[in-house]
Amino acid sequence: MAERSFKKEVEKLRLGAGAEFRGEGILAVAKALLQSGVSYVAGYQGAPISHLMDVLADANDILEELGVHFEQSASEAAAAAALAASVNYPLRGAVTFKSTVGTNVASDALANLASGGVLGGALIIVGEDYGEGSSIMQERSHAFAMKSQIWLLDPRPNLPSIVRAVEDGFDFSEATHTPVMLELRIRACHLRGRFVAKDNVRPKFTRKDAIENPARDASRIVLPPSTYLHEQEKIAERWPAAARFIQDRGLNEIFHASARDFGVILQGGMYNTVARGLQLLGLADVFGDTKIPLYVLNVTYPLVDEEVKRFCGGKRAVLVVEEGQPDFLEQNLHAILRKAELATRIHGKDLLPMAGEYTPSVVTGGLLKFVEKYGPELIDRARLPGLVKPLPLPPVQLDRHVQPRPPSFCTGCPERPIFTALKLVERELGPHHVSCDIGCHLFSILPPFNTGATTMGYGLGWAGAAALQSPDSRKRAIAFMGDGGFWHNGLTSGVGNAVFNRSDSVLVVVDNSYTAATGGQDLLSSRGANPLRTTRQSIADAVRGVGVRWIRTIDRTYDVGRMRDTLREALTTAERGPKVIVARSECALNRERREGPARRKAAGQGRRVVRQRFGVDAETCTGDHSCIRLSGCPSLTIAPNPDPLRSDPVAAVIESCIGCGLCGEAAHAAALCPSFYRVDTISNPSAWERFAWRLRQTVIGWLQR
Amino acid sequence: MTEQRPVTIAILAMGGEGGGVLADWIADLAEHAGYDAQATSVPGVAQRTGSTIYYLEIFPRAAGRQPVFSLTPVPGEVDVVIASELMEAGRAVQRGLVTPDRTVLIASTHRVYSIAEKSAMADGRADPAKLLQACSAAARVLIARDFARLAAGTRSVISAALFGALAASRVLPFERDRFEEAIRRAGVGVEASLRAFRSGFDAEPEPPEPAPEPPQVPEAIAHRIESEFPQESWTTLRLAAHRLVDYQDPAYAAEYLNRLAAVRDADDHPFPLLNEAARQLALWMSYEDAIRVADLKIRKARAGRIQKEARAEPGEIVRIHEFLHPRAQEIADILPPALGRRVLASGWVRRLTKRGRIVETTSIHGFLQLYFLARMRPLRRRSLRFAREQEKIGEWLALIVRAAARDRELALEIARCAQLLKGYGAARLLGERNFDAILAESRTLGGAGAAERVRILREAALADDTGETLRNALGPPRPLRSESGK
């Protein structure tokens, strides 16, 4: 069950021709897929396209009506491989994942797909996780497009342009027998806007047709000598076809081509930022009507030499607005103009920074420098926006008072106690090398846990510890892996690898029943039933199946004492060989979504319901905050000390507490302090319970002061 | 070319605060009022309690033309900034989103503490006055209220209260009922949201809280305070005396005053040393032993406070479970020295106290356990720990008085070191070790910079919970004789 439900919103996917669609970018992409007659969609969730997967999952009924097959793939590689259906059949298929990390995983299949080429349109929708809000290394999908010759679309970030890019993308793919990658930046995925819908299209050629009439063409299979043929084809046929299609369909846009003898070449995705920059400099209006010629590359790979020459011809200079590095476009443009012997100056990374996000401030600054060089009379220096002026010193220096607020484990998160236990074990046994993975558990590297040395990728936590063992040391490395990473590839790359290579290190599989970090999607080992998927498969059984003998399962991670003892045993036992601890407790966000409504309903119906939460006695808390350093729970915070003689704030549990139990367990396991208490509030108690309670209250009342 | 520009709105919120809902309400409100609206955000891991910016632009709908909206807020170009918390408001100011020529800043003044503030060993909180001052200096209009409290008062979420404040600010060209209609259209928790909306709409600045009344103390003690001590110390001394009578008995409070006499004589107007030593001495003399903890846990007022916190409805039962982990040391502490030492030497008490215990103070059995423990109060004066603490207190006070004769600043810093003596179990042990180390060092100090040195060491002791920073600050053990003369 995903974090966000689109059950209501997916009804918009049924809108017919002429109706106005209002909503989020990601929903518009789903609608565009249906308008394009897609036959199948696959993908792997991850910001910023997690919601696309959630939308499609929630839209299953609509997809079935249209005969569209939807898979929540085991990994991005599996998703990309599904596009094989478009190699021999005129089936339109789309896959989606987070980029560049997902594209890394998928690149084996993508390279094979791109080599042989496709018959049906193949669209790869990547969420470009770059810039503010990104959770990964800062790289570009552009490199993948170039190396495998996959066309790259980077449409202007508004819903009509994005929808058009999806529709054109399929045609483009079919016209050139080449897969097409559609790049959506973070904010474009989550932008809310409107466009005019078209009718959904049922594919004419169906998957049934394909299955019942199998086709094959040996020349499309990636094996020599076909591979040599494929390479020639890419250059001799597919590329020229692409150049023709881009021009015929007008995929790139040119605004006010001859307004000036200088202009701007930009990625489509940068259009709104450039338009805002021009507006702030008085060079465009709110509708993007500009005094400077713009060449908007909605296709950033390949560049069309003819188009570039047409735009640059007669211009003294162009500014290339290309976010990210290396500066592939700028280099390519240099080459095109040089070969054409055009003298147009190219500016880009000389006036704009080489690395980092192109925010409006950055781009406006670059535009100003460019226009001042080539058309200074256009700039009204008296009316420049504040952001291009040197910042005045703020009247109050805030640096010490505004602190970072990194993401962390949610209130009641079952992963937090695992790291509390690890901290307690390390107090006894000293620090260990900890190899991390991808997932919520990676928050362990941040305060207050400050645990973990590296993360090498999704599912690669244990593989990342492979070399860190030595016959000369009794210490064992510890690796972490989530259930998401485990099923993605960790079972083979981590567990199988450790068994085969006779590793002596320890793996903790953090099993919260979902791919929680991407929004709580189900996976093989989810404990809830899913009407569309097979769940409830055991991680411990899988681990045993590939040959691990030392396995411990903990079914309640909040039991810090047991978690600590199990970790200690794994780190100190004389038994050699790979050791796996499966630490299972359901993601608290998802559990609350599942159980909360049921609990409130039960209380409303007069059934006995117990709510629990924790508290701290301000009178006995001495304000040293040891408890917080072992927890970091958002609901365990500090409050002004009610005691006027004390100045340090006391620990306090706020109302968002869901009574997960960690506070009490940690207080016990670490022998912290006697300030924690748990309050059980019982709705609709039985008559006997009420009587006993009143009796106790009376007796206690006599003795109390 | 027209000079029109969109109205720009940035919302700074933390994951789970409903920032997205607020952005949706605003976009929906604008669209229904004939505007084009674009809202963007960066969810992803930011949903997990991190700070998130939601950004909107709205512009009157024009036939056949679509405005080009920015996807990110531009410093200096934001009309409205809504911050769901005070440090987030500070962050908006720091990022240049709040500017005096343009921005209406709607900020909730409550604090959600950052992990650095929370996990500090002492007081790591940012200064709210500085944050407010920066907000007020940066904004064209600042609307700062505790919207979290207002929302909680209506059992709803802060986003609705902030939406109310946005309506009241009149910075958007829409009437109040349009705002309320947007909440109704969204259709989730409508009544509660509308209540919070109204409270946010009507929010007035809050008056400062009045100073609390000084507590009652026995007549004789009050008389001694006023006749023997300077007026500058009366408030502290009354609070201290009240605490010590509550902790032990009036005689204990009298002893407290006796001990302070020497510090009083060593200090002068306006008596900063006396005040600080008085405060620290009161806290030290009322150290938290098992008797004290039991006593505090069974009080009527406490049970009442917890019932209120739990928001129990009439007819609901509230049961309170204490998480206690008394260890052999803490049991020995409250016994007479001979018995206490035998407990420490014996293995079975240690084994018995290996695991923590959960005691229900709303059950008769659990209550009585703590009740009888609390009744041991008169025996405290003869306990193992009492003797130990009184001796250390004596040494500390003597050191303060001796230092004050030469360097009152140094004496004050030594007095402040008692701050390190807090916590239970291992935390208290570390605090005592650090305290002893700094006091030992302070004995060797003299001349200029001595007070500064003690202050630096105290802060080093509070920098981590392993004692490492302090060890580094103290440096390697010094050679007995200086070799620099060679």
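Before I turn to the structure, one definition is needed: axes are lines fitted to C-alpha atoms, for helices over the stretch in contact, and angles run from 0 to 180 degrees between N-to-C directions. With that in hand, colleagues, let me present this model, which is a predicted one.

I begin with chain A as a whole. Chain A contains 23 helices and 24 strands. Its C-alpha trace spans about 95 × 70 × 65 Å along the principal axes. How does the radius of gyration of chain A relate to that of a compact globule? For 705 residues such a globule would have a value near 27 Å, and the 29 Å of chain A agrees with this. Of those 705 residues, 54% count as buried. If we take the contacts in chain A with a separation of 6 or more, 78% of them are between residues 24 or more positions apart.

Within chain A, I draw your attention to an open sheet of five strands. Their order is S9-S11-S10-S13-S14, and the pairing is mixed. Strand S9, residues 253-255, and strand S14, residues 345-347, stand at the edges; each has a single partner strand, so one side of each is left without a neighbour in the sheet. On average, neighbouring strands here are turned by 20° against each other, direction ignored. At the S9 edge, three bridges join S9(A) to strand S11, residues 294-297, and the two run antiparallel. In that pairing, A:Ile254 has A:Tyr295 as its bridge partner.

Here the opening definition is put to use. Helix H14 of chain A, residues 328-339, lies across three strands of chain A: S10 (262-267), S13 (317-321) and S14. Relative to S14(A), helix H14 runs at about 180°.

A second helix of chain A deserves mention. Is helix H1, residues 25-35, mostly covered or mostly open? Helix H1 is mostly covered, with ten of its eleven residues buried. Among the buried residues are A:Ile26, A:Leu27, A:Val29 and A:Lys31. Just after H1(A), A:Gly37 takes a positive phi of about 75°.

Let us now move to the contact between the two chains. It takes 93 residues from chain A and 101 residues from chain B. On the chain A side, strand S24, residues 676-683, supplies the largest share, eight residues. The chain A side as a whole divides into 45 nonpolar, 28 polar and 20 charged residues. Strand S24(A) is also joined by six bridges to strand S7 of chain B, residues 317-324, and the two strands run antiparallel. In this pairing across the chains, A:Asp680 stands opposite B:Arg319.

Finally, I come to chain B. Chain B is divided into domain 1 (7-201), domain 2 (221-286), domain 3 (292-382) and domain 4 (385-480). The C-alpha centres of domain 1 and domain 3 of chain B lie 46 Å apart.

Why is strand S3 of chain B, residues 51-60, described as largely enclosed by the rest of the structure? The reason is that nine of its ten residues are buried. Strand S3(B) also pairs with two other strands of chain B. Strand S1, residues 7-14, is joined to S3(B) by eight bridges and runs antiparallel to it; there, B:Val7 has B:Ile58 as its bridge partner. Strand S2, residues 35-41, is joined to S3(B) by seven bridges, again antiparallel, and B:Ser41 stands opposite B:Tyr54.

That concludes my presentation, and I thank you for your attention.

Definitions and conventions
Residues are numbered from 1 along each chain as its sequence is written. Chains are lettered from A and ligands numbered from 1 in the order in which they are written. This is a predicted model: local features need pLDDT of at least 70, side-chain atom pairs count only at pLDDT 80 or more; totals for chains, interfaces and linings use all residues. Helices (H or I, at least four residues) and strands (E, at least two) are DSSP runs, numbered from the N terminus. The radius of gyration is taken over C-alpha atoms; the globule rule is 2.2 Å times the number of residues to the power 0.38. A residue is buried if 20 or more other C-beta atoms lie within 10 Å of its own, exposed if 12 or fewer, and partly exposed in between; C-beta atoms are placed from the backbone. Two residues are in contact if their C-beta atoms, placed from the backbone, lie within 7 Å. Ala, Val, Leu, Ile, Met, Phe, Trp, Tyr, Cys and Pro count as nonpolar, Asp, Glu, Lys and Arg as charged, and the others, Gly among them, as polar. Two strands pair if DSSP finds at least two bridges between them. Domain bounds come from an automatic or database domain assignment.
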